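Work through the following exercises with the coordinates open, and try each task before reading its solution.

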Amino acid sequence: MTDAADDGGGEAISALLHETRQFPAPEAFAKQANAQPGIYEEASADPEAWWAAQAENLTWDRHWDKVLEWDLPFAKWFVGGRINAAYNCVDRHVEAGRGDKVAFHWVGEPEGDNRTITYSDLKDMVCKAANGLVELGVKAGDRIAIYMPMIPEAVVAMLACARLGAPHSVIFGGFSSEALSGRILDSDCRVVITADGGYRRGAASALKPNVDEALERCPDVRSVLVVRRTHQDVAWTEGRDIWWHELVDRQPPEHEAQSFDAEQPLYIMYTSGTTAKPKGILHTTGGYLVHTSTTHRLVFDLKPETDIFWTAADIGWVTGHSYIVYGPLANCATSVMYEGTPDAGGRDRWWKIVEDYKVSILYTAPTTIRTLMKWGEEFPESHDLSSLRLLGSVGEPINPEAWMWYRKYVGRDNCPIVDTWWQTETGGIMISPLPGITATKPGAAMKPLPGIGAAVVDNDGNEVGDGEGGYLVLTDPWPGMLRGIWGDPERYRETYWSRFPGYYFAGDGAKKDEDGDLWLLGRVDDVMNISGHRISTTEIEHALVGHPSVAEAAVVGASDPTTGQAIVAFVTVKGDVVAVGEEGEALVVALREQVAITIGPIAKPRQILLTPELPKTRSGKIMRRLLRDVAEHRELGDVTTLMDPTIVQMLDDQMNAPGAADEA
């Protein structure tokens, strides 16, 4: 990724990413922080020794012979070591006398539907589930598909698989039957664990019918284990379908965890591709558990005795794997796990949860933060959020305005914010402030974590200077790194290691500001070529959200006969802003000028559509692929994973309506 233009646009973008505001951690926070000055120097002096020291926080059945075996691009960590992930997440805490400690405060979407699960409870549940899977014939190496709502049994199923050395493939509950069958076939799963349904926005949403439809294309699946959650009527295939409560509940609560090689596959997680089939990202056990537990402890400054940790995500995504399940449980944390949407039961539902459970660490996505911001600060202000001491952001670059709102109205100007960059492929956080050490900047991810090597390079792979932009690469192997693409090592090599020889290319663009701090710019395929000038959609979105009337914006490129590509922006406004008639037209004009002033005239959108909502998945991600379909006047793609599928058609109608807001 290069600067936007040679005619001043590049300088304008650099100015956009120049941030003079800095927020050091409160002095009392810094004094007690888990990460103290000197940690970066210690890790960089001998990264392998540093990671080995972190690995000592886990319980190993056999110590490793060698920390790292690196045959680019294939890595093995803690070679010769033997470990069990479920034992480290559950049993060892019970054996150490912490069985009465709460592992999860589970909050169902229907209000009052809550469960408190201690580590002893969790151990019994996992052992019973493991015994049940053994009865179904599951053995080490078998792949198990998990397609479930955000209920405790989903975590139990993951840990039961890990206990048996059976790699799990968790498939987000919002995916269609076609997506489900493709993932089951690719990893050759023979057992599927699901539920009759879950709750979304106050209504029961069925899951089992999607499984039934998917399995019409998956004849090798022999067993479907079904949790009864919503009590919906479901079709039943005798001999294949089994109720969880009928199989698992009658099992003994004791099961001896097996010892596995550190490189035993732990899970496969599929990432969607726009043209090719989804990639099955493979993570193994030892290095992944070291990476997630270490980053969870350092980035979130976890105090397991007192903190209540809430990752507001779904276990169907890697954020849930690493920071709802494996990282927090390995660290004996107490977590909140929430089934529903942010506004289920009212737009203050999240803040009720924070207040009721005294949440001290909150980790969520910028998309959700902007939605909460759009609803208004009166909702967080109406609740006691004084228990919060640290806030986190994940999933995409966060614009400075949302960062400041998060700090002011949620953190009450007293909570450090860790804006984290990582991917499904990296397994855990790679770039983030360390609270207590880093003076943070609104919108900046800051620096690679200790033990992590990252750089920003130009088209030729040369590292750029401060104040310049380029491609984000990872320069050294790390413990949580993917071990490959399931069944396709050549695709792994070609996808991640061919663009810049010797470097892992993340697919993201980044800039270094004048201080050398990192600003993430999103996917490089979200870079538009406007009359020969390369412009990041993220930078334009930041400029639009900088307007006081705007809550959220998504920008895509569309074909243009004159400029090659043109910029199309979809903008949602704050609740009290009028977005129709003459006032709406005036706002569109003002927003174009906002972009021109912030970035440069070359970046002015050709078209701005003011919309009450953007198309989002049920995990809160904006579906830019569908927005590109709208902007290009193409047939709309699959909308089954959207929170509200009607929004895309509304935008399509708006785009094609007479007098749509084209630039004069």
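**Exercise 1: a strand and its neighbours**

Val224 has Asp241 as its bridge partner in β12. The model is a predicted one, in which local features need pLDDT of at least 70 and side-chain atom pairs count only at pLDDT 80 or more, whereas totals for chains, interfaces and linings use all residues. Residues are numbered from 1 along each chain as its sequence is written, and side-chain values use heavy atoms, with hydrogens and water left out.

Task: Determine which strands pair with β11, and whether its residues are buried or exposed.

Solution. Begin with the terms: strands (E, at least two residues) and helices (H or I, at least four) are DSSP runs numbered from the N terminus, and two strands pair if DSSP finds at least two bridges between them. Strand β12 (residues 241-243) runs parallel to β11 and is joined to it by 3 bridges. Strand β8 (residues 191-195) is also parallel to β11, with 5 bridges joining them, and here Ala195 has Val227 as its partner in β11.

Next, consider accessibility, where buried means under 20% relative accessible area, exposed over 50%, and partly exposed in between (1.4 Å probe, protein chains only). Because 5 of the 5 residues of β11 (residues 223-227) are buried, the strand is largely enclosed by the rest of the structure. In a regular strand the side chains alternate between the two faces of the sheet. In β11, Ser223, Leu225 and Val227 are on one side and Val224 and Val226 on the other, all of them buried, and both faces are thus covered.

**Exercise 2: an open sheet**

Task: Give the order of the 4 strands in the open sheet that contains β24, and identify the edge strands.

Solution. The order is β21-β22-β24-β25, with antiparallel pairing. The edge strands, each of which pairs on one side only, are β21 (454-457) and β25 (518-523). From one strand to the next the twist averages 40°, where axes are lines fitted to C-alpha atoms (for helices, over the stretch in contact) and angles run from 0 to 180 degrees between N-to-C directions. For a closer look at one pairing, take β24 (residues 504-512), which is antiparallel to β25 over 5 bridges; in β25, Trp519 is the bridge partner of Lys511.

**Exercise 3: salt bridges**

Task: Where in the chain do the partners of the Arg389 and Lys447 salt bridges lie, and how is each residue classed by accessibility?

Solution. A salt bridge is a side-chain nitrogen of Lys or Arg within 4 Å of a carboxyl oxygen of Asp or Glu, and by this rule the count comes to 42. Arg389 forms one with Asp301, their closest N and O atoms being 3.0 Å apart. This pair links distant parts of the chain, 88 residues apart, with Arg389 in the loop between α15 (378-381) and β19 (390-393) and Asp301 in the loop between α11 (286-299) and β16 (308-311). Arg389 counts as buried because its relative accessibility is 18%, and Asp301, at 0%, also counts as buried.

For Lys447 and Asp517, the closest N and O atoms are 3.1 Å apart. Lys447 lies in the loop between β20 (417-419) and β21 and Asp517 in the loop between β24 and β25, so the salt bridge ties together parts that are 70 residues apart in sequence. Lys447 counts as partly exposed at 38% relative accessibility, whereas Asp517, at 5%, counts as buried.
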